[in-house]
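Subject: A structure for you to explore

Hi there,

Here is the structure I promised to pass on. Have a look at it first, and then read my notes below with the view still open.

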Amino acid sequence: MNVIPIIVTIGLILLDQGTKLWALSSLKPIHNTTVVEGFLDLTFVENRGVAFGMFSGQRWFILVLTGLIAGALVYFYRTLPKKAEYTPVRVSLLLVLSGAIGNIIDRVFRGYVVDFFEFTFFDWPVFNVADIYVVVGVILLTFLILFVVKDDELSMKKKKDE
């Protein structure tokens with residue numbers, strides 16, 4: 001078993017949780033501060049839903065759904081061919097997994113996700129570091145699937161395993 005992905009995932013989760021602890025202790029009392037006028041504010045939000053506030057108040061549904069997604073990510077990670085060219089795919093899966101776990105931790109222990117980054121130059125939901133991991137991971141994975149990874153390489157792996 002390779003321990004590096006576990007260490008990377010734990011490190012990413014700790015970074016996410018550290019920023020959320022900072023937001024809880026420093027930002028929650030003041031609610032909002034401007035970082036770059038007209039561009040970025042730090043605004044404390046208790047997000048009880050998922051993206052764009054969907055499923056707000058559906059804590060157990062969100063936990064189960066996120067847990068299933070995390071399990072699927074681990075499964076896909078473990079079934080990828082062990083070739084170096086799949087490293088970017090692995091990185092994207094670890095990013096999404098780390099983000100999912102970071103937000104699961106919030107939901108389990110706080111009942112809500114701590115969000116605090118707010119772009120002020122356009123209307124966009126407030127987000128956190130875990131959300132950045134998920135978005136970057138999904139964009140990277142989408143790019144890799146559409147333009148880099150060849151479907152026949154994955155199907156050959158399946159044939160070898162059967």
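Of the 162 residues in the protein chain, 36% are buried. Please keep in mind that this is a predicted model. The chain exposes about 10000 Å², and 70% of that area comes from carbon and sulfur atoms.

Let's start with the overall layout. The protein chain has five helices and three strands, and along the sequence they follow the pattern α-β-β-α-α-β-α-α. Among the contacts with a separation of 6 or more, 65% join residues that are 24 or more positions apart.

Now find the hairpin. Strand E1 covers residues 32-36 and strand E2 covers residues 40-47; they pair in the antiparallel sense, with four bridges. One bridge to look for joins Thr33 to Leu42 in E2. Three residues lie between the two strands, and in this hairpin Gly38 has a positive phi near 75°.

Next, the inside. Which residues have the most contacts inside the largest nonpolar core? They are Ala23, Leu27, Phe44, Val114, Phe116 and Phe117, in a core of 14 residues. At least two residues of this core come from each of helix H1 (4-27), E2, strand E3 (113-119) and H4. Val114 is a good place to zoom in: leaving aside residues up to four places away in sequence, Val114 touches Lys20, Ala23, Leu24, Phe44, Val45, Asp106 and Asn128. There is also a second, separate core of 13 residues, and its members include Tyr86, Leu93, Leu141 and Leu144.

The aromatic rings deserve a tour of their own. A search of the whole structure gives 12 aromatic pairs. One of them is Tyr75 with Phe76, an edge-to-face pair whose centres are 5.6 Å apart, with 65° between the planes. Is Tyr75 buried or exposed? Tyr75 counts as exposed because its relative accessibility is 52%, and the cut-off for exposed is over 50%. Its partner Phe76, at 47%, counts as partly exposed.

Compare that with the rings of Phe143 and Phe147. Their centres are 5.3 Å apart and their planes meet at 45°, so this pair is tilted. Phe143 and Phe147 are separated by about one helical turn because they are four residues apart in helix H4. Phe143 has 44% relative accessibility, so Phe143 counts as partly exposed; Phe147 has 59%, so Phe147 counts as exposed.

Two further aromatic features are worth a click. Trp22, Phe39, Phe116, Phe117, Phe119, Phe121, Phe122, Trp124 and Phe127 make up one aromatic cluster. Elsewhere, Arg90 sits over the face of Tyr77, 5.4 Å from the ring centre.

One last stop is Val138, in helix H4 (residues 129-147). How far apart in space are Val138 and Val96? From C-alpha to C-alpha the distance is 6.8 Å, although the two are 42 residues apart in sequence. Val138 has 42% relative accessibility, so Val138 counts as partly exposed.

Happy exploring, and do write back with your questions!

Best wishes

Definitions and conventions
Residues numbered from 1 in each chain as written. Predicted model: local features only at pLDDT ≥ 70, side-chain atom pairs only at ≥ 80, totals over all residues. Heavy atoms only, no water. Pairing = 2+ DSSP bridges. Buried < 20%, exposed > 50% of the residue type's maximum accessible area, 1.4 Å probe, protein only. Contact = heavy atoms within 4.5 Å. Areas by Shrake-Rupley, 256 points an atom, 1.4 Å probe, with all protein chains shown as cover. Core = buried A, V, L, I, M, F, W, Y, C linked by side-chain atoms within 4.5 Å. Phe/Tyr/Trp six-rings, centres within 6.5 Å; stacked < 30°, edge-to-face > 60°. Lys NZ or Arg CZ within 6 Å of the ring centre and 35° of its normal.
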